[in-house]
Amino acid sequence: MAAALEPSIDAAGARVSLRRLSRPELIAFVREIGESPFRAHQLFRWIHLLGATHFSGMTDLSKGLRVKLETTATLEPLAVDVVQQSLDGTRKLRLLTRDGHAIESVLIPDGEKLTQCISSQVGCALDCTFCATATMGFGRNLDAGEIVDQVYRARTILPSGRRITNLVFMGMGEPLHNFVEVERSLAILMDDTGANFSCRKITVSTAGLVPGIEKLGRLPMGPNLAISLNASDDVTRDMLMPINKKWPIRALLDAVRAYPLDRRRRVTFEYVLLDGITDRDEDASRLAKLLRGLKCKVNIIPWNPHPLAPYRRPPAERIDRFQNLLRDAGLPVYLRRPRGDDIDAACGQLASRGAEALVPLRASRRTRP
Ligand code: SF4
């Protein structure tokens, strides 16, 4: 995966955040400080396999090198600020960046499978009207170190022997708005000397940035693709997801059709059910028609209510009916039962609660990345 190599010690002489460097970049960094490339492999292992937060614990590095690293580099871990535990086993983490921003990550167990939902931005610029994160506005992009560190900090709260098996870029932010750092984080997470996730176990979810989907499809080891669709016609989608005015459903589906996936993989369409808005019979039949012939599956997500949006979750019988209509039309459809109902389940809810005491984002609400 080819994130461009960056000079590792910046022009102002500031210490370099090593966690955000891919392995080739780390090799370039150790060369710059006069060390053998072998040291980069040791460092990469410490940071991305063992989750190290300090150079002082890297016992197979010489004391001299550790001192040199203290003056030229930093590891800057996220701070685990709040962990909420739901009765259904879902755990939600609020993590703080070094500059005081709150972001969220969620651990969702399902038998042996443990999926982590990770954030790519502080807040989001896309203004989807059903989303709690959107109400925060856009703060800034996360760098690759902050993206991958969500995984390493989450590991620290797991019982011994429990492993994160799948990753979804479906937390706060639009990953394809932060393409460079998301690409770099994918390279780091898939590196077989670090966290070693297979591309089949990582999914990037987008609200529909067509050029970003095309770029993602050109990566040599592209992740799974999920589309947050949420409507079956442009009028409704324009209202729920303003990005649709720029790339309407037809353009979005053309980009999805062109996304390269091997035989065993399918594109996922996420579809949030909002009472009376996206859950009607005509929505189901339009959706089935739109997706006909696509190698895909549909995840139906009954809306997670939060006080910042005027929608309702449909009644259970309506959810069942919608699911059956899609199934009868031949679509593989899965109902994502609401998880973490007893905690701040909606994405962005925990980060925004109390976050005014950290770094307020409201002032930058209209800033685009
Ligand atoms: S749903 Fe996703 S893309 Fe839309 S505002 Fe929320 S975080 Fe951003």
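Two strands are taken to pair where DSSP finds at least two bridges between them, and in this predicted model strand β13 and strand β14 (residues 333-335) meet that criterion, pairing in the parallel sense over three bridges. Within this pairing, I300 has L335 of β14 as its bridge partner. The connection from β13 to β14 passes through helix α10 (residues 316-328), and the resulting β-α-β crossover is right-handed.

Strand β13 (residues 296-302) also pairs with β12 (residues 267-273), the two strands running parallel and being joined by seven bridges; here V272 stands opposite I301 of β13. Together with helix α9 (residues 281-291), β12 and β13 form a right-handed β-α-β unit. Strand β13 is mostly covered, with five of its seven residues buried.

The protein chain as a whole contains 11 helices and 14 strands, and buried residues make up 45% of its 369 residues. Of the contacts in the protein chain with a separation of 6 or more, 68% are accounted for by residues 24 or more positions apart.

Towards the N terminus, helix α1 (residues 23-32) has E25, L26, I27, F29 and V30 as buried residues, and the buried residues of this helix pack against β1 (16-17) and α2 (37-49). Just after α1, G34 adopts a positive phi of about 80°.

The residues around the ligand are C124, L126, D127, C128, C131, T133, A134, M172, G173, E174, A207 and S228. When this shell is divided by class, seven of the residues are nonpolar, three are polar and two are charged.

Technical notes:
Residues are numbered from 1 along each chain as its sequence is written. This is a predicted model: local features need pLDDT of at least 70, side-chain atom pairs count only at pLDDT 80 or more; totals for chains, interfaces and linings use all residues. A residue is buried if 20 or more other C-beta atoms lie within 10 Å of its own, exposed if 12 or fewer, and partly exposed in between; C-beta atoms are placed from the backbone. Helices (H or I, at least four residues) and strands (E, at least two) are DSSP runs, numbered from the N terminus. Two residues are in contact if their C-beta atoms, placed from the backbone, lie within 7 Å. A residue is near a molecule or strand if its C-beta atom, placed from the backbone, lies within 6 Å of it. Ala, Val, Leu, Ile, Met, Phe, Trp, Tyr, Cys and Pro count as nonpolar, Asp, Glu, Lys and Arg as charged, and the others, Gly among them, as polar. A crossover is right-handed if, with the strands pointing away from the viewer, the path from the first strand over the helix to the second runs clockwise.
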